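Student: Please take a close look at one part of this model: the salt bridges. I would like the geometry, the burial and the surroundings in one connected account.

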Amino acid sequence: MMTLKQLQCFITVVKTGGFSHAADTLNLTQPTVTKAISNLEDTLGVALFDKQLMSRKRDIALTEIGALVYEQAQTVLQHVGHLEQTVTQYQHMDRGQLRLGLSPLGGELLSDAIFEFYQTHRHIELSLLEDGAESLKQALLDDTLDVCTLMQPIEADFDCIPVCDYPIMMVAHRQHMGNTIKQVTLKSLKNASLMLFASHSSFTSMIVEECQKLGFEPNIVCHTNQWQLLTTLLKKNMGVTLLPKYYTDKLDDKQLVCLPLVQPNLTWQMVMAWRKHRPLTPAMQAWLNIVQRQANNKV
């Protein structure tokens, strides 16, 4: 079998004009270089050097096929060099990509991590896909995404690290709830007009499933993944909503009231997930390190 070492010896002999010079250049013994050339000729089944002409001129002389092999061998080693450079750049994150999936709820929470990744690894192409949980899961399995946000619990097909864990709050217009109620149960919202995030989000699916466990179908009057629109509709007293405390802490409006949801005590546990047993690329590992560190700092 032809080897890169044999090609390197052959090219160096031609470039330096002799076997001894090639041996010095490659830091090898002359017999080693001679054997490499002989093995290459045996593998190819042709003579690369015109030995009769070389004995008369005492200079390197290639056969016709030897000249063609020399030209192709240089191209092969150039491609090998490019390949090695590509791998080195990939390992040192001078090139590559990160394909990140974000669910409708929670993308904003990762804005600092995304910005830090961009600042630290500017040569990595960052592509973002915003979609529902089921689509994101399938994209991980199809290898069209590297990592994505999901809600606990997650299936055994995935590995994950935690991102956040917030209790669920109810938000309503103050006129709707008054000033005396301090907490609400999910069952007390049986007849309420609910405005929830997009129907394909895991968060909304969790709310619907919990209502069904209590024996009723929620009265959903609006689905939206636009935070500003939801806030505006709440101020118009169109209905009530359920949100993680991360979002309700951002509300600073005297028209609205945020109350803890109890019975059951639901939580929003978001994780960063990837396909189980998939080797982590350098970009994936760098991203997970940033997410993990920022999540720990917020605890």
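Tutor: What follows covers the salt bridges, then the nonpolar cores. The model is predicted, so local features need pLDDT of at least 70, side-chain atom pairs count only at pLDDT 80 or more, and totals for chains, interfaces and linings use all residues. Residues are numbered from 1 along each chain as its sequence is written, and side-chain values use heavy atoms, with hydrogens and water left out.

Take the criterion before the pairs. A salt bridge is a side-chain nitrogen of Lys or Arg within 4 Å of a carboxyl oxygen of Asp or Glu. The count by this rule is 13 salt bridges.

Begin with Glu108 and Lys250. Their side chains form a salt bridge at 3.5 Å, N to O. Glu108 sits in the loop between β1 (97-102) and α6 (111-120), and Lys250 in the loop between α11 (245-248) and β9 (256-262), so the pair ties together parts 142 residues apart in sequence. Helices (H or I, at least four residues) and strands (E, at least two) are DSSP runs, numbered from the N terminus. Glu108 is partly exposed, at 40% relative accessible area. Lys250 is partly exposed too, at 43%. The scale is this: buried is under 20% relative accessible area, exposed is over 50%, and partly exposed is in between (1.4 Å probe, protein chains only).

Now Asp143. Its salt bridge with Arg275 has the closest N and O atoms 3.8 Å apart. Arg275 is in strand β10 (residues 267-275), while Asp143 is in the loop between α7 (133-141) and β3 (147-151), 132 residues apart. Arg275 is partly exposed at 24%, and Asp143 is partly exposed at 35%.

Asp143 also forms a salt bridge with Arg278, at 3.2 Å between the closest N and O atoms. Arg278 lies in the loop between β10 and α12 (282-298), so this pair ties together parts 135 residues apart in sequence. Arg278 is buried, at 13%. Through shared partners, salt bridges join Arg99, Asp143, Asp146, Arg275 and Arg278 into one network.

Next, the nonpolar side. A nonpolar core is a set of buried Ala, Val, Leu, Ile, Met, Phe, Trp, Tyr and Cys residues joined through side-chain atoms within 4.5 Å. The largest has 61 residues, and Val147 is among those with the most contacts inside it. Val147 touches residues including Arg99, Met272 and Trp287, leaving out residues up to four places away in sequence; contact means heavy atoms within 4.5 Å. A separate core has 22 residues, among them Ala22 and Tyr70.
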